[in-house]
Amino acid sequence: MYPTPEVCYNCQHTDLSNLYVCSSRACGANNAFCDESCIECLKELGQCGGENPHYNISCWQQHMPRGKAALAHQKQPARDQVRINEVFYCEKNPERQSELHAKDKEARWFMVDPRTDQQTGDGILRVTDRFEELLQPRSENSSKQFPSLVSFIGETGTGKSTLIRASIKFFSGQAQHSETLETPVTRLEAASSLTSPTSSGVHLYKDPATFASPTPILFADCEGFNSGAGLPTSHTAWDSDGDTVARAIRITSSTYASAGRQLALSDRNTDLYSRFLYAFSDVVCLVTRNAQKISKEISDLLLWAYRGLRASINQVQAKTLIIVLNAPSHDHNPSLMSPIALHKYIFDNMPKVWDDSEELKEERKKLNDTLPKKDEINSTESFILRYFQSIRVCYIPTKGSANPDEMHKQCQLLRSHITESVDKTSKEKEESWTRYSIRDLSQLLNQAFEHFATDDKPFNFYKATRKDNPNPQSMQDHIMNMLRNLEMTRNRDLINYFPKLVASSILNNCLRGSGPALRPEVIWTETYEEKCTVGIENFYKQHADCQFQKEGLPLEFCAIKKHVHKSIHRSKDGSLIGTGDFLPSDTGDIVRERTSNIGKEFESSYNHLCRRGEGRSVERIIAHRKEVLRSPHHELWGLVRSYKTCFSCLLSCPDHVLPCGHALCERCISDFGKPSNITEREIEINECVFCGESWEHKQRIQTKPPFAGVRILTLDGGGIRGILELLMLKEIQERIGLNIRFDQFFDLVVGTSTGGIIALGLFVQRLSLENMIRKFEDLSVRTFTHTRGPRFEPAQRLFHSSPAQAILYMTGLWESTYRTSPLREGIQDVVGEKWSMFGSAMGRKVQRRTRVALMTVKDSGKQAAAITNYNRPSLDQNNDFERAEGEEAEIKCWEAGLCTSAAPFYFKPFKKVSESATVSYLDGGILHNNPIRWAAKERDKIWPNAKLDILLSLGTGYFPNRERIRETSVYARFPSAQAVANSYFSTIDCESTWSDFREGGEYDPEVHHRLNHKFDGEYYALDNHQAINILANIFKESLEVDSTDLDKQLQHSADLLVAKLFFFEPTKIYEIPDSCASCRDEKKYRVEGSILCRLPKGSLELKILVQRIIAFSASDTPAEVEIERKTQIGPLKTFIRAVVDGGRFQIPHTITGFGCSRQSINVLIKRPGSGEDGPIPIPISGFPRNISGTYFVTWAEPG
């Protein structure tokens, strides 16, 4: 029988705990012998010699030679040899090998397909969700773990997969379950397999031993250098079953000179694998079998690293190279187990590897031209150390040439090299602000795949991680962001003005408080000095540009930031332009000087404003800020703009962009503008406080009354069925009867897909409903008339309803059913081409009235995001809110329309290309086709303390008889296609979303309302543009039937929206004594104020509305009883007459009650047309509410 260490060679004993192998090669590594219990075995087998002493010895003792020769035969536990055999085993059966590869397909990460796109000839990069499947970016720990990538590279047949398997199986801590661990498939034992690659592309494996640690290790198993044109053993797994291929990216970068298989790792062209793996690896293991041939492999490595280094910038260069001499063909050399001896063995006689490569020769020359003489590259080792922080070496003997203990010891050494290097790199990354959590790394990887396949420029980690687009969350963050923007101008006059600008903002912040006045030096040292120091320090740590300039090229600066600078200067295209440290070398003195200058400016300005005990005056503070902002460099403000920091106060994100492009927060708008005498809570501003630009028409900025409620509209996706949303809005508008735009009725509108396009037209472009309906019909016909499939309509229907389209889509050979250009042109016809949603006032010269958010998804459908015309009060670090630093990088209105409506299968993803990165956006319906939940959460972020008046959700039709997608659907056979398949059929999910929302705890039938037309008959697909008129007729006919549910809901919605045009504005709030207050253990308040209206003074619509008012009433429901006390507010005739004569709508009213009592102000209004009264009085905006649960209490004064 074939020898095995699991069975005694002599007596077939199988007790592994008592089996041993011999250290002598003459005995064979698989010849095991049992020891102490052998006598019993021999007796049982009838082979024992009884009392004969010769037979009363163990099998181990029997095999031992006599005399000195026995010294070469040392006992080793057979268990260790079994583990060695298991790890270093090569499969002999090709059929079994195929089964292993089929199982291993789950480990595929990315590869370059040998096939090319038949239409364009482009190569195709295929990417799976392997990283996300292993690490779960959405898990609770995803922000607390920081993965480290260890890449194994080298020529084909060197045993890269075997070493990964050894590291996983030997050190997982799961020896008894090692067969269940995911490990790479190694080559066939046949000699012919030595030159054929085992796996194609890059596979990814987790390290079980570190998986729960703060730094989980991932092993990347890369196909071999020079793997040639032949297909790897496992390639058919990528070809035949595309179920885990999440993305197919066309390779359009001109960096790659040839297509197809020649894009694999090779010495003939710049390689995509090297660019990607060098950029993201912390440790690179170069595996070789032939020490005599290693110079060629080192040359390949240097080309690999050189190309990788040039392909990315602003990533800390703290990589470790581990050279592994694995199972060399020569006899076992025990001396090489010493890293020192192995290092000498490899490098002492290493030839100059650059001599055979013009590319390396040129790079070495460039480096030596910039290096001091003592640091010049004169050896291969010094060349390697330009790309790696350190070099480690390890020798793994050939199986059978060394005993198990030696084999295991060397595997342990390799493992130690890896873990120690990972720990060291992780610490350096943490110190340099470049350590990425699972969630952040997942997003970075997705960006990098797209970038390396399509872009010729280096991948800039600084920009890809949005460090060039920070989200300030504190005063120090805003100080840092202002300095960053000023420094980017490279204008010294503006930069030197920085201390005065910051001092002015600090002065505004501290003097407007109600606390006691303190000496300025006390305020500065106790409150603001540290904030300024931290802000300036963080600028230099993360954002400061190196001041090195290449001699003779004054405009070519070093593009490497301080936190990742490692003695090399590189330009923004990755080219070497010099060597040396970051300039200026010591930034500490600069930080201290700038902080000190801010303090001096602050104390001087404070003393000037508060001289002679004149005290604090808001007017004087505002005047001082204007003076500082406008003088003496106001003409230079054209160079500086920010959509992230209000440069006036340095406390908030700006929320309003002026026509000149400068942006201010709402508080600063109020400071520099003046209240409108036409519209309540409207601010007028006629010039920019920064650049002094004025405008023919005043900018009118509508703010939300502090005690009014919030009104929200959501618009579902649904393709051409969006016509139903427009018709429902038109019906509501007619029932309101005031002929005013819908932006008067809502504070926030959230739209998805077709609903997003409608939101753009009605609330951003402010089109009339009639105009929007016409444009929507034209857009639908233009977009869905011509498909990219077969020419004949019957063939089109067959193709688009068959699995063929899904399969072609998933394999990357089919991008979309429809061309994007008609959709793009149609959206541009609605919103124009030039401006973003947030910066639309630059083009329209009119400020927004309503906040609008369009839902989209990115990261291959995993991350929901909103594109908006507003800023949240605070921009957090989540990746769900798209905001650039300036207009140039902002998503334009028409681009936002494509982002929200790029439905998979129907349209290609929309790719936003910027200097930072290329981001692909898909239809928001993948995650939020009915965006009601997102809208509810967004309201809490914008107005966390405000009452919700109404959340009106509009649908695009409900087809209850439409069968849901089943797991047996053709799309369910493609697990990674589930996201896009869900989007494909998402129109049936909107009503389910509403049902789920109603069952949740946040649902309130008084404020949450759903309007959707139910269709019992034929289903109308979202791309069936011929059905638009049919849908419109069905909708109109349904309203002609008396008292349908939809008819009642439309009328109730109209009544609610009219009532919410009125709100209460307190003018004085104070606590009043009450004999019952002490026994009730609560306070009683008196709130004096007025009922106001949102419509402009003197407008026709206001005059019409007030004449329809029947009555205002107030109600007070104490907490302990259910009896409601009602009182009439009025008389109204005098107030109505004043409004009809062109005056302001204002009805004085006083609220008195205990804090926990439920207060309400209600209005009863006649409906237009018939003059029918509303069914019941409806609460005005912000009511009903408890006094103690509002802002009222914060205003309360003692009685």
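The legends below describe close-up views of side-chain contacts in a predicted model.

**View A. An aromatic pair between Phe280 and Phe459.** Across the structure there are 45 aromatic pairs, and one of them is formed by Phe280 and Phe459, whose rings are tilted, with 6.2 Å from centre to centre and 45 degrees between the planes. Phe280 belongs to helix α8 (residues 272-280) and Phe459 to strand β14 (residues 459-460), so that the contact links distant parts of the chain, 179 residues apart. Both Phe280 and Phe459 are buried. The two rings also take part in one aromatic cluster, whose members include Trp109, Phe110, Tyr273, Phe276, Tyr436, Phe449, Phe452 and Phe461 in addition to Phe280 and Phe459.

**View B. An aromatic pair between Phe784 and Phe907.** The ring centres of Phe784 and Phe907 lie 5.9 Å apart and the planes meet at 45 degrees, so this pair is classed as tilted. Because Phe784 lies in helix α25 (residues 769-784) whereas Phe907 lies in the loop between α30 (893-901) and β27 (910-913), the pair ties together parts that are 123 residues apart in sequence. Phe784 is buried, as is Phe907.

**View C. Charged ends over aromatic rings, at Tyr528 and Phe1183.** The charged end of Lys531 sits over the ring of Tyr528, at 5.9 Å from the ring centre. In the second example, the charged end of Arg1185 sits over the ring of Phe1183, here at 5.8 Å from the centre.

**View D. A salt bridge between Asp655 and Arg848.** The whole structure contains 52 salt bridges, among them the one between Asp655 and Arg848, in which the closest N and O atoms are 2.8 Å apart. Asp655 is found in the loop between α21 (618-630) and β17 (656-657), and Arg848 in the loop between α29 (841-844) and β24 (851-858), so the pair links distant parts of the chain, 193 residues apart. Asp655 counts as buried because its relative accessibility is 7%, and Arg848 is likewise buried, with a relative accessible area of 12%.

**View E. A salt bridge between Lys858 and Glu882.** In the salt bridge that Lys858 forms with Glu882, the closest N and O atoms are 2.4 Å apart. This pair links distant parts of the chain, with Lys858 in strand β24 and Glu882 in strand β26 (residues 881-882), 24 residues apart. With a relative accessible area of 4%, Lys858 is buried, and Glu882, at 8% relative accessibility, counts as buried too.

**View F. A salt bridge between Asp1055 and Arg1167, and a network elsewhere.** The side chains of Asp1055 and Arg1167 meet in a salt bridge with an N to O distance of 2.6 Å. Asp1055 is part of helix α36 (residues 1045-1059), while Arg1167 is in the loop between β36 (1158-1165) and β37 (1178-1179), and the pair thereby links distant parts of the chain, 112 residues apart. Asp1055 counts as buried at 12% relative accessibility, and Arg1167 counts as buried at 15%. In one network, Glu682, Glu684, Lys698, Arg700 and Arg849 are joined by salt bridges that share partners.

**View G. Cysteines Cys59 and Cys510.** A search of the whole structure finds 0 disulfides. Cys59 is buried, its relative accessible area being 1%, and Cys510, with a relative accessible area of 15%, is also buried.

How values were computed. Residues numbered from 1 in each chain as written. Predicted model: local features only at pLDDT ≥ 70, side-chain atom pairs only at ≥ 80, totals over all residues. Heavy atoms only, no water. Disulfide = S-S within 2.5 Å. Buried < 20%, exposed > 50% of the residue type's maximum accessible area, 1.4 Å probe, protein only. Phe/Tyr/Trp six-rings, centres within 6.5 Å; stacked < 30°, edge-to-face > 60°. Helix = DSSP H or I, 4+ residues; strand = E, 2+ residues; numbered from the N terminus. Lys NZ or Arg CZ within 6 Å of the ring centre and 35° of its normal. Salt bridge = Lys/Arg side-chain N within 4 Å of Asp/Glu carboxyl O.
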